[in-house]
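Got a fold in front of you and wondering what stands behind the labels people put on it? Let's go through them one by one.

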Amino acid sequence: QAILKHSRPFLCAAMAGNFKVCVVGGAGGIGQPLSMLMAMDPNVSELCVYDLTLAMVPAEGVAADLSHLNMKCKVKGYAFDKDDKAIEKAGECLTGCHLVLVPAGVPRKPGQDRKDLLKTNAGIAKNIVKTNA
């Protein structure tokens, strides 16, 4: 444990500016500003914006907008159909990520019970975690 304790500052110094980050749900209302913050962070060198093709704004469009920022971060969008298995499709996007942020989920529909919403969003989170494992 003493070795790990002393190597962390070196590891962090070596990694500074070289982090790969993926925002799952990056084209949504929370994901877009979160993706922008990550793209502007000087520690992030590569950002993957990941969302479904049925998102109101395409993930590739968010990535294109973010690529116009005057930052060194390389941004790429990935879109998948809702019936696609993320574990089979998201390899390039998630491989080598140091941080995966998950603002993905569906908003509550009028009259929807909170328990039903939790069940739906928990299923989304479960599939994302399986993909990252």
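**What's behind the labels**

Q: What share of the contacts between residues at least 6 apart in sequence join residues at least 24 apart?
A: This is a predicted model, and in it 72% of those contacts join residues at least 24 apart.

Q: What makes up the secondary structure, and in which order do the elements run?
A: You get six helices and four strands. Starting at the N terminus, they go α-β-α-β-α-β-α-α-β-α.

Q: How much of the protein counts as buried, and how much area does the protein expose?
A: Of its 133 residues, 30% count as buried. The exposed area is about 8,800 Å², with 61% of that supplied by carbon and sulfur atoms.

Q: How do you know that C93 is in no disulfide?
A: Look at the sulfurs. The structure holds zero disulfides, and for C93 the nearest cysteine sulfur, that of C22, is 3.4 Å away. A disulfide needs the two sulfur atoms within 2.5 Å, so C93 doesn't make the cut.

Q: What about C97: why is there no bond to the closest cysteine sulfur?
A: That sulfur belongs to C22 and is 4.9 Å from the sulfur of C97, which is too far for a bond. The cut-off is 2.5 Å.

Q: Is C93 buried or exposed?
A: Buried: its relative accessible area is 1%, and the label applies to anything under 20%.

Q: Why is S35 called buried?
A: S35 has 0% relative accessibility, so it counts as buried, the limit being under 20%. S35 sits in helix α2. Leaving out neighbours within four places in sequence, S35 is in contact with V23, G26, L47, V49 and L66.

Q: Why does M38 get the buried label too?
A: M38 has a relative accessible area of 15%, and under 20% is what the label asks for, so M38 is buried. M38 is also found in helix α2. Beyond its neighbours within four places, M38 touches V21, V23, V44, L47, L99 and L101. The C-alpha atoms of M38 and V75 are 10.0 Å apart, with their positions 37 residues apart along the chain.

Q: What puts the buried residues of α2 on the same side of the helix?
A: The buried residues there are G31, S35, M38 and A39. They cover an arc of only 100° around the axis, so they end up on the same side of α2. There's a general reason such patterns turn up: an α-helix has 3.6 residues a turn, so residues three or four places apart point the same way.

Q: Which elements do the buried residues of α2 pack against?
A: They pack against β1 (19–24), β2, α3, β3 and β4 (99–101).

Q: How do you know that the buried residues of α3 line one face of the helix?
A: In α3 (residues 59–66), the buried ones are A59, V62, A63 and L66. Seen down the axis they fall within an arc of 100°, so they line one face. Their cover includes α2 (31–40), β2 (44–52) and β3 (74–80).

Q: Why does A86 count as buried?
A: A86 comes out at 19% relative accessibility. The cut-off is under 20%, so A86 counts as buried. A86 belongs to helix α4 (residues 86–89). Not counting residues up to four places away, A86 touches Y50 and T131. T131 is 45 residues away along the chain, yet the two C-alpha atoms are separated by 6.2 Å.

Q: How much space lies in the largest pocket, and which residues lie nearest its centre?
A: About 820 Å³ of space lies in it. The lining has 33 residues, and D51, L52, A104, G105 and I124 are those nearest the centre.

Q: Which element supplies the largest share of that pocket's lining?
A: Helix α6, with six residues. At least two residues each come from α2, β2, α4 and α6 (114–132).

Terms used:
Residues numbered from 1 in each chain as written. Predicted model: local features only at pLDDT ≥ 70, side-chain atom pairs only at ≥ 80, totals over all residues. Heavy atoms only, no water. Buried < 20%, exposed > 50% of the residue type's maximum accessible area, 1.4 Å probe, protein only. Contact = heavy atoms within 4.5 Å. Areas by Shrake-Rupley, 256 points an atom, 1.4 Å probe, with all protein chains shown as cover. Arc of directions from axis to C-beta. 1 Å grid on protein atoms, 1.4 Å probe; cavity = no way out; pocket = protein on both sides within 12 Å on 5 of 7 lines; lining within 4 Å. Points joined across faces, edges and corners; volume = space filled by probe spheres on them.
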